[in-house]
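Hi,

Here is the structure I promised to pass on. Have a look first, and my notes follow below.

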2 protein chains.
Amino acid sequence: MELKKATYGIVGLGIMGGSFAKSIRQNILSQAGSSGKVLVCNRSTACLSQAQSEGVADQTFTSDRVAEMLPLCDVVFVCLYPHATIDFMKEHRDHFKAGAIVTDISGVKGIFEKSMPEILRPDVDFIIGHPMAGGEKEGYANSDAKFFVNHNYILCPSSFNKAENLDFMRSLVAEMGFTRITETSCDTHDYKIGFTSQLCHVIASALVESAEDPEITAFGGGSFEDLTRIAMINAPLWTELFISNKEKLVSHIENFEKQLERFKKYITEEDSESLRQMLSHTREQRLKMGSIRTVRK
Amino acid sequence: MELKKATYGIVGLGIMGGSFAKSIRQNILSQAGSSGKVLVCNRSTACLSQAQSEGVADQTFTSDRVAEMLPLCDVVFVCLYPHATIDFMKEHRDHFKAGAIVTDISGVKGIFEKSMPEILRPDVDFIIGHPMAGGEKEGYANSDAKFFVNHNYILCPSSFNKAENLDFMRSLVAEMGFTRITETSCDTHDYKIGFTSQLCHVIASALVESAEDPEITAFGGGSFEDLTRIAMINAPLWTELFISNKEKLVSHIENFEKQLERFKKYITEEDSESLRQMLSHTREQRLKMGSIRTVRK
(Lines give C-alpha, C1' and ligand atoms only; values in the text may rest on other atoms or scores of the structure.)
Protein backbone atom coordinates (compact mmCIF):
# COMPACT_ATOMS: atom_id res chain seq x y z
CA MET A 1 0.00 0.00 0.00
CA GLU A 2 1.32 3.41 -0.97
CA LEU A 3 0.89 6.31 1.46
CA LYS A 4 -0.59 8.59 -1.17
CA LYS A 5 -3.13 6.01 -2.35
CA ALA A 6 -4.55 5.00 1.01
CA THR A 7 -7.90 5.99 2.47
CA TYR A 8 -7.42 7.40 5.96
CA GLY A 9 -10.13 7.48 8.59
CA ILE A 10 -9.91 9.82 11.58
CA VAL A 11 -12.11 9.03 14.56
CA GLY A 12 -12.43 12.07 16.82
CA LEU A 13 -11.68 15.45 15.33
CA GLY A 14 -10.05 17.29 18.23
CA ILE A 15 -6.66 18.95 18.13
CA MET A 16 -4.92 15.60 17.49
CA GLY A 17 -7.38 14.11 15.03
CA GLY A 18 -7.70 17.43 13.23
CA SER A 19 -3.93 17.76 12.97
CA PHE A 20 -3.65 14.23 11.55
CA ALA A 21 -6.31 15.00 8.95
CA LYS A 22 -4.68 18.29 7.95
CA SER A 23 -1.18 16.85 7.94
CA ILE A 24 -2.19 13.89 5.74
CA ARG A 25 -3.98 16.26 3.38
CA GLN A 26 -1.05 18.66 3.14
CA ASN A 27 1.96 16.36 3.32
CA ILE A 28 0.76 13.16 1.65
CA LEU A 29 -2.34 13.64 -0.48
CA SER A 30 -0.92 16.74 -2.15
CA GLN A 31 1.80 14.60 -3.78
CA ALA A 32 1.70 13.93 -7.53
CA GLY A 33 -0.29 10.82 -8.41
CA SER A 34 -2.10 10.81 -5.12
CA SER A 35 -5.52 9.12 -5.06
CA GLY A 36 -5.95 8.74 -1.29
CA LYS A 37 -8.78 10.13 0.79
CA VAL A 38 -9.37 11.52 4.26
CA LEU A 39 -12.61 10.52 5.97
CA VAL A 40 -13.45 11.98 9.35
CA CYS A 41 -15.86 11.11 12.10
CA ASN A 42 -16.86 13.16 15.12
CA ARG A 43 -19.63 13.45 17.70
CA SER A 44 -20.42 17.11 17.09
CA THR A 45 -21.03 18.30 13.56
CA ALA A 46 -19.57 21.85 13.61
CA CYS A 47 -16.00 20.74 13.01
CA LEU A 48 -17.13 18.18 10.41
CA SER A 49 -18.59 20.95 8.25
CA GLN A 50 -15.46 23.00 8.77
CA ALA A 51 -13.14 20.12 7.79
CA GLN A 52 -15.17 19.55 4.65
CA SER A 53 -15.41 23.21 3.66
CA GLU A 54 -11.66 23.67 4.23
CA GLY A 55 -10.97 20.77 1.87
CA VAL A 56 -9.37 18.74 4.67
CA ALA A 57 -11.94 15.93 4.60
CA ASP A 58 -13.34 14.19 1.52
CA GLN A 59 -16.25 12.81 3.46
CA THR A 60 -17.57 13.29 6.99
CA PHE A 61 -19.52 11.06 9.36
CA THR A 62 -21.23 11.73 12.65
CA SER A 63 -20.32 9.23 15.38
CA ASP A 64 -23.54 7.23 14.97
CA ARG A 65 -22.52 6.55 11.35
CA VAL A 66 -18.93 5.46 11.99
CA ALA A 67 -19.83 1.87 11.03
CA GLU A 68 -20.32 3.20 7.49
CA MET A 69 -16.91 4.90 7.47
CA LEU A 70 -14.70 2.15 8.89
CA PRO A 71 -15.16 -0.41 6.04
CA LEU A 72 -13.80 2.24 3.62
CA CYS A 73 -10.55 2.93 5.49
CA ASP A 74 -7.13 1.38 4.94
CA VAL A 75 -5.74 3.26 7.92
CA VAL A 76 -7.70 4.42 10.97
CA PHE A 77 -6.48 6.89 13.59
CA VAL A 78 -8.55 6.48 16.73
CA CYS A 79 -8.09 9.85 18.43
CA LEU A 80 -10.08 9.27 21.60
CA TYR A 81 -9.22 9.00 25.32
CA PRO A 82 -7.43 5.75 26.29
CA HIS A 83 -10.36 3.74 27.64
CA ALA A 84 -12.71 5.15 25.01
CA THR A 85 -10.24 3.90 22.37
CA ILE A 86 -10.37 0.38 23.81
CA ASP A 87 -14.17 0.54 24.00
CA PHE A 88 -14.30 1.77 20.42
CA MET A 89 -12.16 -1.16 19.26
CA LYS A 90 -14.51 -3.61 20.99
CA GLU A 91 -17.67 -2.02 19.72
CA HIS A 92 -16.49 -1.73 16.12
CA ARG A 93 -14.53 -4.98 15.90
CA ASP A 94 -16.59 -6.14 12.93
CA HIS A 95 -16.66 -2.84 11.03
CA PHE A 96 -13.02 -2.51 9.99
CA LYS A 97 -11.88 -3.28 6.45
CA ALA A 98 -9.95 -6.54 6.10
CA GLY A 99 -6.23 -5.77 6.28
CA ALA A 100 -6.76 -2.36 7.89
CA ILE A 101 -4.12 -0.69 10.01
CA VAL A 102 -5.55 0.93 13.14
CA THR A 103 -3.53 3.15 15.42
CA ASP A 104 -4.05 5.29 18.52
CA ILE A 105 -2.70 8.41 20.20
CA SER A 106 -2.91 7.40 23.82
CA GLY A 107 -0.42 8.44 26.48
CA VAL A 108 -0.56 5.04 28.21
CA LYS A 109 0.26 1.84 26.35
CA GLY A 110 0.30 -1.11 28.76
CA ILE A 111 -3.49 -1.30 28.74
CA PHE A 112 -3.43 -1.62 24.92
CA GLU A 113 -0.84 -4.35 24.82
CA LYS A 114 -2.92 -6.27 27.35
CA SER A 115 -6.34 -5.84 25.79
CA MET A 116 -5.76 -5.74 22.02
CA PRO A 117 -4.97 -9.41 21.36
CA GLU A 118 -8.37 -10.37 22.79
CA ILE A 119 -10.26 -7.64 20.98
CA LEU A 120 -8.80 -7.62 17.48
CA ARG A 121 -9.87 -9.58 14.45
CA PRO A 122 -6.89 -11.48 13.01
CA ASP A 123 -7.08 -9.47 9.79
CA VAL A 124 -6.89 -6.07 11.49
CA ASP A 125 -3.52 -4.78 12.65
CA PHE A 126 -3.45 -2.42 15.64
CA ILE A 127 -0.21 -0.43 15.81
CA ILE A 128 0.47 1.16 19.16
CA GLY A 129 1.89 4.63 18.69
CA HIS A 130 2.26 7.87 20.62
CA PRO A 131 2.58 11.22 18.85
CA MET A 132 4.38 13.37 21.42
CA ALA A 133 2.65 16.63 20.70
CA GLY A 134 0.00 18.48 22.58
CA GLY A 135 -0.65 21.68 24.38
CA GLU A 136 -3.05 23.54 26.58
CA LYS A 137 -5.22 24.34 23.59
CA GLU A 138 -7.89 21.90 22.50
CA GLY A 139 -10.27 21.19 19.67
CA TYR A 140 -10.26 21.12 15.89
CA ALA A 141 -9.98 24.93 15.78
CA ASN A 142 -6.46 24.62 17.19
CA SER A 143 -5.35 21.75 14.97
CA ASP A 144 -2.65 22.41 12.41
CA ALA A 145 -1.02 20.59 9.48
CA LYS A 146 2.36 21.45 11.01
CA PHE A 147 1.41 20.36 14.52
CA PHE A 148 3.77 17.37 14.52
CA VAL A 149 6.74 18.99 12.81
CA ASN A 150 9.96 18.38 14.79
CA HIS A 151 8.16 16.41 17.46
CA ASN A 152 8.92 12.97 18.84
CA TYR A 153 6.94 9.86 17.95
CA ILE A 154 7.06 6.66 20.00
CA LEU A 155 6.25 3.46 18.18
CA CYS A 156 5.59 0.32 20.25
CA PRO A 157 5.73 -2.62 17.85
CA SER A 158 3.90 -5.74 19.07
CA SER A 159 4.56 -9.35 18.22
CA PHE A 160 1.20 -9.41 16.42
CA ASN A 161 2.07 -6.49 14.06
CA LYS A 162 2.91 -7.22 10.42
CA ALA A 163 6.35 -5.99 9.35
CA GLU A 164 5.02 -4.18 6.28
CA ASN A 165 2.43 -2.36 8.36
CA LEU A 166 5.09 -1.17 10.79
CA ASP A 167 7.09 0.08 7.79
CA PHE A 168 4.00 1.87 6.53
CA MET A 169 3.54 3.63 9.88
CA ARG A 170 7.22 4.62 10.07
CA SER A 171 6.97 6.27 6.64
CA LEU A 172 3.63 7.85 7.46
CA VAL A 173 4.76 9.58 10.65
CA ALA A 174 8.02 10.69 9.05
CA GLU A 175 6.02 12.33 6.23
CA MET A 176 3.94 14.14 8.83
CA GLY A 177 7.05 15.81 10.16
CA PHE A 178 7.94 13.79 13.26
CA THR A 179 11.73 13.87 13.39
CA ARG A 180 12.75 11.63 16.27
CA ILE A 181 11.02 8.28 16.05
CA THR A 182 11.79 5.96 18.95
CA GLU A 183 10.77 2.30 18.99
CA THR A 184 10.33 0.66 22.32
CA SER A 185 8.15 -1.67 24.39
CA CYS A 186 4.87 -0.58 25.95
CA ASP A 187 6.41 -1.10 29.37
CA THR A 188 9.34 1.20 28.65
CA HIS A 189 7.01 3.71 27.02
CA ASP A 190 4.86 3.89 30.13
CA TYR A 191 7.88 4.20 32.39
CA LYS A 192 9.51 6.99 30.39
CA ILE A 193 6.28 8.86 29.64
CA GLY A 194 5.34 8.50 33.30
CA PHE A 195 8.40 10.65 33.88
CA THR A 196 8.55 13.16 31.01
CA SER A 197 4.84 13.76 30.73
CA GLN A 198 2.74 12.54 33.65
CA LEU A 199 5.13 13.47 36.47
CA CYS A 200 5.50 16.93 34.88
CA HIS A 201 1.74 17.38 34.79
CA VAL A 202 1.46 16.34 38.45
CA ILE A 203 4.23 18.78 39.43
CA ALA A 204 2.74 21.66 37.43
CA SER A 205 -0.67 21.00 38.99
CA ALA A 206 0.71 20.76 42.53
CA LEU A 207 2.56 24.03 41.95
CA VAL A 208 -0.62 25.81 40.88
CA GLU A 209 -2.46 24.31 43.86
CA SER A 210 0.23 25.63 46.20
CA ALA A 211 -0.17 29.22 44.91
CA GLU A 212 -2.03 31.28 47.47
CA ASP A 213 -3.09 33.94 45.05
CA PRO A 214 -4.06 34.03 41.34
CA GLU A 215 -2.43 37.49 41.26
CA ILE A 216 0.92 35.81 41.81
CA THR A 217 1.87 36.29 38.16
CA ALA A 218 2.49 40.01 38.92
CA PHE A 219 5.63 38.58 40.50
CA GLY A 220 6.42 36.26 37.61
CA GLY A 221 9.50 36.49 35.42
CA GLY A 222 8.70 33.49 33.29
CA SER A 223 9.63 30.57 35.53
CA PHE A 224 6.27 30.06 37.13
CA GLU A 225 4.55 30.60 33.78
CA ASP A 226 6.77 27.99 32.09
CA LEU A 227 6.32 25.46 34.86
CA THR A 228 2.54 25.79 34.91
CA ARG A 229 1.55 26.10 31.24
CA ILE A 230 0.58 22.43 31.29
CA ALA A 231 -1.54 22.94 34.41
CA MET A 232 -4.27 24.21 32.08
CA ILE A 233 -5.04 20.55 32.21
CA ASN A 234 -7.81 18.46 30.73
CA ALA A 235 -9.01 16.94 34.01
CA PRO A 236 -10.90 13.84 32.76
CA LEU A 237 -8.12 12.82 30.34
CA TRP A 238 -5.28 13.20 32.81
CA THR A 239 -7.20 11.50 35.60
CA GLU A 240 -7.45 8.51 33.29
CA LEU A 241 -3.77 8.67 32.28
CA PHE A 242 -2.49 9.05 35.86
CA ILE A 243 -4.55 6.17 37.21
CA SER A 244 -3.86 3.87 34.23
CA ASN A 245 -0.14 4.23 34.90
CA LYS A 246 -0.40 4.38 38.67
CA GLU A 247 2.55 2.28 39.79
CA LYS A 248 5.15 3.79 37.49
CA LEU A 249 3.92 7.33 38.07
CA VAL A 250 3.95 7.00 41.85
CA SER A 251 7.51 5.66 41.75
CA HIS A 252 8.54 8.73 39.73
CA ILE A 253 6.77 11.08 42.16
CA GLU A 254 8.61 9.45 45.05
CA ASN A 255 11.96 9.68 43.32
CA PHE A 256 11.32 13.36 42.60
CA GLU A 257 10.36 13.94 46.23
CA LYS A 258 13.70 12.47 47.34
CA GLN A 259 15.60 14.93 45.16
CA LEU A 260 13.44 17.78 46.45
CA GLU A 261 14.29 16.72 50.00
CA ARG A 262 18.01 16.87 49.18
CA PHE A 263 17.65 20.48 48.01
CA LYS A 264 15.54 21.35 51.03
CA LYS A 265 18.11 19.85 53.38
CA TYR A 266 21.01 21.83 51.90
CA ILE A 267 19.01 25.06 51.98
CA THR A 268 17.80 24.49 55.54
CA GLU A 269 21.33 23.71 56.73
CA GLU A 270 22.74 26.64 54.72
CA ASP A 271 25.14 24.13 53.18
CA SER A 272 26.29 26.38 50.32
CA GLU A 273 29.00 24.04 49.14
CA SER A 274 26.75 20.98 48.67
CA LEU A 275 24.02 23.12 47.15
CA ARG A 276 26.39 24.71 44.65
CA GLN A 277 27.80 21.29 43.69
CA MET A 278 24.35 19.82 43.24
CA LEU A 279 23.20 22.77 41.11
CA SER A 280 26.34 22.56 38.96
CA HIS A 281 25.54 18.90 38.39
CA THR A 282 21.94 19.82 37.55
CA ARG A 283 23.11 22.34 34.98
CA GLU A 284 25.48 19.82 33.36
CA GLN A 285 22.79 17.15 33.25
CA ARG A 286 20.27 19.51 31.73
CA LEU A 287 22.73 20.67 29.09
CA LYS A 288 23.39 17.04 28.12
CA MET A 289 19.67 16.61 27.56
CA GLY A 290 19.84 18.71 24.45
CA SER A 291 18.46 21.88 23.13
CA ILE A 292 15.41 23.61 24.47
CA ARG A 293 12.33 23.42 22.34
CA THR A 294 10.58 26.65 21.52
CA VAL A 295 7.11 26.80 22.92
CA ARG A 296 4.36 27.40 20.39
CA LYS A 297 2.41 30.60 20.84
CA MET B 1 16.42 65.44 36.47
CA GLU B 2 15.17 64.48 33.02
CA LEU B 3 15.59 60.89 31.88
CA LYS B 4 17.16 61.89 28.59
CA LYS B 5 19.69 64.23 30.22
CA ALA B 6 21.02 61.88 32.91
CA THR B 7 24.34 60.10 32.90
CA TYR B 8 23.79 56.40 33.55
CA GLY B 9 26.46 54.08 34.93
CA ILE B 10 26.18 50.32 34.55
CA VAL B 11 28.30 48.18 36.86
CA GLY B 12 28.61 44.64 35.50
CA LEU B 13 27.94 44.12 31.82
CA GLY B 14 26.28 40.70 31.76
CA ILE B 15 22.90 39.93 30.21
CA MET B 16 21.14 42.28 32.66
CA GLY B 17 23.64 45.14 32.67
CA GLY B 18 24.05 44.88 28.91
CA SER B 19 20.28 44.98 28.42
CA PHE B 20 19.98 48.08 30.64
CA ALA B 21 22.73 49.82 28.67
CA LYS B 22 21.16 48.94 25.31
CA SER B 23 17.64 49.75 26.45
CA ILE B 24 18.67 53.19 27.82
CA ARG B 25 20.54 53.90 24.60
CA GLN B 26 17.67 52.87 22.37
CA ASN B 27 14.62 53.99 24.33
CA ILE B 28 15.82 57.08 26.19
CA LEU B 29 18.97 58.59 24.72
CA SER B 30 17.62 58.38 21.18
CA GLN B 31 14.91 60.92 22.05
CA ALA B 32 15.08 64.43 20.63
CA GLY B 33 17.06 66.81 22.83
CA SER B 34 18.80 64.00 24.65
CA SER B 35 22.17 64.82 26.19
CA GLY B 36 22.53 61.85 28.52
CA LYS B 37 25.32 59.30 28.52
CA VAL B 38 25.85 55.62 29.20
CA LEU B 39 29.04 54.67 31.05
CA VAL B 40 29.80 51.01 31.62
CA CYS B 41 32.14 49.12 33.87
CA ASN B 42 33.10 45.47 33.76
CA ARG B 43 35.83 43.09 34.96
CA SER B 44 36.67 41.65 31.56
CA THR B 45 37.36 43.99 28.67
CA ALA B 46 35.96 42.07 25.68
CA CYS B 47 32.39 43.23 26.20
CA LEU B 48 33.55 46.76 27.00
CA SER B 49 35.09 47.09 23.55
CA GLN B 50 31.96 45.61 22.02
CA ALA B 51 29.66 48.01 23.89
CA GLN B 52 31.75 50.93 22.74
CA SER B 53 32.05 49.83 19.12
CA GLU B 54 28.30 49.14 18.95
CA GLY B 55 27.64 52.69 20.15
CA VAL B 56 25.94 51.42 23.31
CA ALA B 57 28.47 52.96 25.71
CA ASP B 58 29.91 56.47 25.58
CA GLN B 59 32.76 55.52 27.85
CA THR B 60 34.00 52.25 29.36
CA PHE B 61 35.87 51.43 32.55
CA THR B 62 37.51 48.27 33.79
CA SER B 63 36.50 47.29 37.32
CA ASP B 64 39.69 48.66 38.86
CA ARG B 65 38.74 52.11 37.51
CA VAL B 66 35.12 52.17 38.68
CA ALA B 67 36.01 54.88 41.24
CA GLU B 68 36.60 57.16 38.24
CA MET B 69 33.23 56.32 36.71
CA LEU B 70 30.93 56.61 39.73
CA PRO B 71 31.43 60.37 40.40
CA LEU B 72 30.17 61.05 36.85
CA CYS B 73 26.88 59.13 37.16
CA ASP B 74 23.46 60.46 38.10
CA VAL B 75 22.02 56.96 38.06
CA VAL B 76 23.92 53.74 38.74
CA PHE B 77 22.66 50.21 38.01
CA VAL B 78 24.65 47.74 40.08
CA CYS B 79 24.21 44.51 38.11
CA LEU B 80 26.10 42.10 40.35
CA TYR B 81 25.17 39.11 42.53
CA PRO B 82 23.31 40.04 45.75
CA HIS B 83 26.16 39.93 48.25
CA ALA B 84 28.59 41.37 45.72
CA THR B 85 26.18 44.31 45.31
CA ILE B 86 26.24 44.97 49.06
CA ASP B 87 30.03 44.67 49.12
CA PHE B 88 30.24 47.05 46.17
CA MET B 89 28.10 49.62 47.99
CA LYS B 90 30.36 49.42 51.04
CA GLU B 91 33.59 49.61 49.09
CA HIS B 92 32.50 52.52 46.89
CA ARG B 93 30.51 54.46 49.48
CA ASP B 94 32.60 57.55 48.94
CA HIS B 95 32.78 57.42 45.15
CA PHE B 96 29.16 58.17 44.21
CA LYS B 97 28.09 61.58 42.96
CA ALA B 98 26.13 63.64 45.50
CA GLY B 99 22.43 63.11 44.86
CA ALA B 100 22.97 59.95 42.83
CA ILE B 101 20.28 57.31 42.48
CA VAL B 102 21.67 53.77 42.81
CA THR B 103 19.63 50.68 42.08
CA ASP B 104 20.12 46.91 41.94
CA ILE B 105 18.76 43.84 40.15
CA SER B 106 18.87 41.30 42.93
CA GLY B 107 16.34 38.51 43.39
CA VAL B 108 16.38 38.87 47.20
CA LYS B 109 15.56 42.15 48.90
CA GLY B 110 15.44 41.67 52.68
CA ILE B 111 19.23 41.77 52.95
CA PHE B 112 19.26 45.16 51.18
CA GLU B 113 16.63 46.74 53.38
CA LYS B 114 18.62 45.61 56.39
CA SER B 115 22.08 46.63 55.26
CA MET B 116 21.59 49.79 53.18
CA PRO B 117 20.75 52.32 55.91
CA GLU B 118 24.09 51.59 57.57
CA ILE B 119 26.09 51.64 54.34
CA LEU B 120 24.71 54.62 52.43
CA ARG B 121 25.84 58.18 52.50
CA PRO B 122 22.86 60.46 53.29
CA ASP B 123 23.17 62.13 49.87
CA VAL B 124 22.96 58.87 47.88
CA ASP B 125 19.57 57.23 47.33
CA PHE B 126 19.48 53.45 46.91
CA ILE B 127 16.26 52.29 45.25
CA ILE B 128 15.52 48.62 45.67
CA GLY B 129 14.15 47.17 42.44
CA HIS B 130 13.79 43.82 40.72
CA PRO B 131 13.56 43.57 36.94
CA MET B 132 11.73 40.26 36.44
CA ALA B 133 13.52 39.12 33.33
CA GLY B 134 16.14 36.50 32.82
CA GLY B 135 16.78 33.27 31.08
CA GLU B 136 19.15 30.39 30.74
CA LYS B 137 21.42 32.49 28.53
CA GLU B 138 24.09 34.65 30.08
CA GLY B 139 26.52 37.40 29.22
CA TYR B 140 26.61 40.64 27.28
CA ALA B 141 26.36 38.71 24.00
CA ASN B 142 22.80 37.72 24.92
CA SER B 143 21.71 41.15 26.13
CA ASP B 144 19.09 43.00 24.16
CA ALA B 145 17.51 46.46 24.10
CA LYS B 146 14.10 44.75 24.10
CA PHE B 147 14.96 42.35 26.91
CA PHE B 148 12.55 43.96 29.38
CA VAL B 149 9.64 44.60 27.04
CA ASN B 150 6.37 43.27 28.53
CA HIS B 151 8.10 42.03 31.66
CA ASN B 152 7.25 42.71 35.28
CA TYR B 153 9.20 45.09 37.50
CA ILE B 154 8.99 45.06 41.29
CA LEU B 155 9.80 48.30 43.06
CA CYS B 156 10.37 48.17 46.83
CA PRO B 157 10.24 51.80 48.04
CA SER B 158 11.98 52.41 51.36
CA SER B 159 11.32 55.06 53.96
CA PHE B 160 14.71 56.57 53.13
CA ASN B 161 13.94 57.03 49.39
CA LYS B 162 13.16 60.50 48.07
CA ALA B 163 9.77 60.80 46.38
CA GLU B 164 11.19 62.44 43.25
CA ASN B 165 13.77 59.67 42.87
CA LEU B 166 11.07 57.00 43.08
CA ASP B 167 9.15 58.89 40.39
CA PHE B 168 12.29 58.98 38.27
CA MET B 169 12.71 55.19 38.57
CA ARG B 170 9.05 54.57 37.74
CA SER B 171 9.40 56.59 34.53
CA LEU B 172 12.73 55.00 33.69
CA VAL B 173 11.56 51.40 33.90
CA ALA B 174 8.34 52.21 32.04
CA GLU B 175 10.42 53.70 29.19
CA MET B 176 12.47 50.50 29.09
CA GLY B 177 9.35 48.51 28.32
CA PHE B 178 8.37 46.98 31.65
CA THR B 179 4.60 46.88 31.57
CA ARG B 180 3.48 45.65 34.98
CA ILE B 181 5.16 47.61 37.74
CA THR B 182 4.28 46.39 41.22
CA GLU B 183 5.23 48.28 44.36
CA THR B 184 5.58 46.31 47.54
CA SER B 185 7.68 45.78 50.65
CA CYS B 186 10.95 43.84 50.64
CA ASP B 187 9.34 41.24 52.85
CA THR B 188 6.43 40.67 50.45
CA HIS B 189 8.84 40.68 47.52
CA ASP B 190 10.92 37.92 49.07
CA TYR B 191 7.85 35.88 49.94
CA LYS B 192 6.30 36.12 46.46
CA ILE B 193 9.58 35.71 44.57
CA GLY B 194 10.42 32.78 46.83
CA PHE B 195 7.36 31.20 45.24
CA THR B 196 7.33 32.30 41.59
CA SER B 197 11.05 32.17 41.02
CA GLN B 198 13.07 30.32 43.66
CA LEU B 199 10.61 27.47 44.31
CA CYS B 200 10.33 26.98 40.54
CA HIS B 201 14.10 26.76 40.20
CA VAL B 202 14.27 24.22 43.03
CA ILE B 203 11.52 22.13 41.41
CA ALA B 204 13.10 22.27 37.95
CA SER B 205 16.45 21.25 39.41
CA ALA B 206 14.98 18.40 41.45
CA LEU B 207 13.19 17.18 38.33
CA VAL B 208 16.43 17.09 36.33
CA GLU B 209 18.16 15.34 39.24
CA SER B 210 15.45 12.70 39.28
CA ALA B 211 15.93 11.89 35.57
CA GLU B 212 17.74 8.60 35.24
CA ASP B 213 18.89 9.22 31.73
CA PRO B 214 19.95 12.29 29.70
CA GLU B 215 18.38 10.55 26.68
CA ILE B 216 15.00 11.02 28.32
CA THR B 217 14.16 13.87 25.94
CA ALA B 218 13.57 11.27 23.18
CA PHE B 219 10.37 10.73 25.15
CA GLY B 220 9.60 14.41 25.55
CA GLY B 221 6.58 16.17 24.14
CA GLY B 222 7.43 19.59 25.55
CA SER B 223 6.37 19.24 29.19
CA PHE B 224 9.69 18.10 30.56
CA GLU B 225 11.51 20.63 28.38
CA ASP B 226 9.30 23.48 29.62
CA LEU B 227 9.63 22.48 33.25
CA THR B 228 13.42 22.21 33.11
CA ARG B 229 14.50 25.13 30.92
CA ILE B 230 15.42 27.03 34.07
CA ALA B 231 17.46 24.09 35.37
CA MET B 232 20.26 25.34 33.11
CA ILE B 233 20.97 27.17 36.30
CA ASN B 234 23.76 29.50 37.36
CA ALA B 235 24.85 27.51 40.42
CA PRO B 236 26.74 30.20 42.42
CA LEU B 237 24.01 32.82 41.91
CA TRP B 238 21.11 30.58 42.85
CA THR B 239 22.92 29.08 45.82
CA GLU B 240 23.19 32.63 47.13
CA LEU B 241 19.54 33.43 46.36
CA PHE B 242 18.18 30.22 47.92
CA ILE B 243 20.17 30.58 51.13
CA SER B 244 19.53 34.34 51.47
CA ASN B 245 15.79 33.62 51.43
CA LYS B 246 15.96 30.33 53.32
CA GLU B 247 12.95 30.56 55.62
CA LYS B 248 10.44 31.75 53.05
CA LEU B 249 11.70 29.36 50.40
CA VAL B 250 11.58 26.32 52.69
CA SER B 251 8.00 27.17 53.66
CA HIS B 252 7.06 27.27 49.96
CA ILE B 253 8.80 23.94 49.30
CA GLU B 254 6.86 22.38 52.17
CA ASN B 255 3.56 23.77 50.99
CA PHE B 256 4.28 22.43 47.50
CA GLU B 257 5.15 19.02 48.96
CA LYS B 258 1.77 18.91 50.70
CA GLN B 259 -0.03 19.48 47.40
CA LEU B 260 2.10 16.84 45.74
CA GLU B 261 1.15 14.42 48.49
CA ARG B 262 -2.54 15.08 47.84
CA PHE B 263 -2.11 14.15 44.17
CA LYS B 264 -0.05 11.09 45.08
CA LYS B 265 -2.69 9.94 47.56
CA TYR B 266 -5.55 10.17 45.02
CA ILE B 267 -3.50 8.37 42.36
CA THR B 268 -2.38 5.63 44.76
CA GLU B 269 -5.94 5.10 45.95
CA GLU B 270 -7.27 5.27 42.38
CA ASP B 271 -9.66 7.94 43.64
CA SER B 272 -10.72 9.20 40.19
CA GLU B 273 -13.43 11.47 41.49
CA SER B 274 -11.20 13.46 43.88
CA LEU B 275 -8.41 13.57 41.32
CA ARG B 276 -10.70 14.89 38.61
CA GLN B 277 -12.13 17.53 40.95
CA MET B 278 -8.69 18.63 42.03
CA LEU B 279 -7.44 18.86 38.43
CA SER B 280 -10.53 20.83 37.41
CA HIS B 281 -9.77 23.25 40.22
CA THR B 282 -6.13 23.42 39.08
CA ARG B 283 -7.20 24.28 35.58
CA GLU B 284 -9.55 27.03 36.78
CA GLN B 285 -6.91 28.49 39.06
CA ARG B 286 -4.31 28.48 36.30
CA LEU B 287 -6.69 30.15 33.86
CA LYS B 288 -7.37 32.90 36.41
CA MET B 289 -3.65 33.55 36.59
CA GLY B 290 -3.71 35.07 33.16
CA SER B 291 -2.24 34.46 29.81
CA ILE B 292 0.82 32.37 29.14
CA ARG B 293 3.92 34.28 28.22
CA THR B 294 5.72 33.26 25.07
CA VAL B 295 9.20 32.01 25.80
CA ARG B 296 11.96 33.83 23.97
CA LYS B 297 13.89 31.66 21.53
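Two strands count as paired if DSSP finds at least two bridges between them. Strands (E, at least two residues) and helices (H or I, at least four) are DSSP runs, numbered from the N terminus. This is a predicted model, in which local features need pLDDT of at least 70 and side-chain atom pairs count only at pLDDT 80 or more, while totals for chains, interfaces and linings use all residues; side-chain values use heavy atoms, without hydrogens and water. Residues are numbered from 1 along each chain as its sequence is written, with chains lettered from A and ligands numbered from 1 in the order in which they are written.

Chain A first. Eight strands make an open sheet of mixed pairing, in the order 3-2-1-4-5-6-7-8. Strand 3 (59–62) and strand 8 (180–183) of chain A each have a single partner strand, so one side of each has no neighbour in the sheet. From one strand to the next, the twist averages 20° (axes are lines fitted to C-alpha atoms, for helices over the stretch in contact, and angles run from 0 to 180 degrees between N-to-C directions).

Strand 2 of chain A is a good place to start looking. Five of its six residues are buried, so this strand is largely enclosed by the rest of the structure (buried means under 20% relative accessible area, with a 1.4 Å probe and protein chains only). Strand 1 of chain A runs parallel to strand 2 of chain A, and five bridges join them; T7(A), for instance, has K37(A) as its bridge partner. The chain gets from strand 1 to strand 2 of chain A through helix 1 of chain A, in a right-handed β-α-β crossover. Right-handed means that, with the strands pointing away from the viewer, the path from the first strand over the helix to the second runs clockwise.

Strand 2 of chain A also pairs with strand 3 of chain A, in the parallel sense over four bridges. Here L39(A) is partnered by Q59(A), and helix 2 (residues 46–53) of chain A completes a right-handed β-α-β unit with these two strands.

At the other edge, strand 7 (residues 152–156) and strand 8 of chain A are parallel, with four bridges. One bridge there links L155(A) to E183(A).

Now chain B. Its eight strands also form an open, mixed sheet in the order 3-2-1-4-5-6-7-8. Strand 5 (residues 101–104) and strand 6 (residues 125–132) of chain B pair in parallel over three bridges, with I101(B) opposite D125(B).

Cheers

Definitions and conventions:
Buried < 20%, exposed > 50% of the residue type's maximum accessible area, 1.4 Å probe, protein only.
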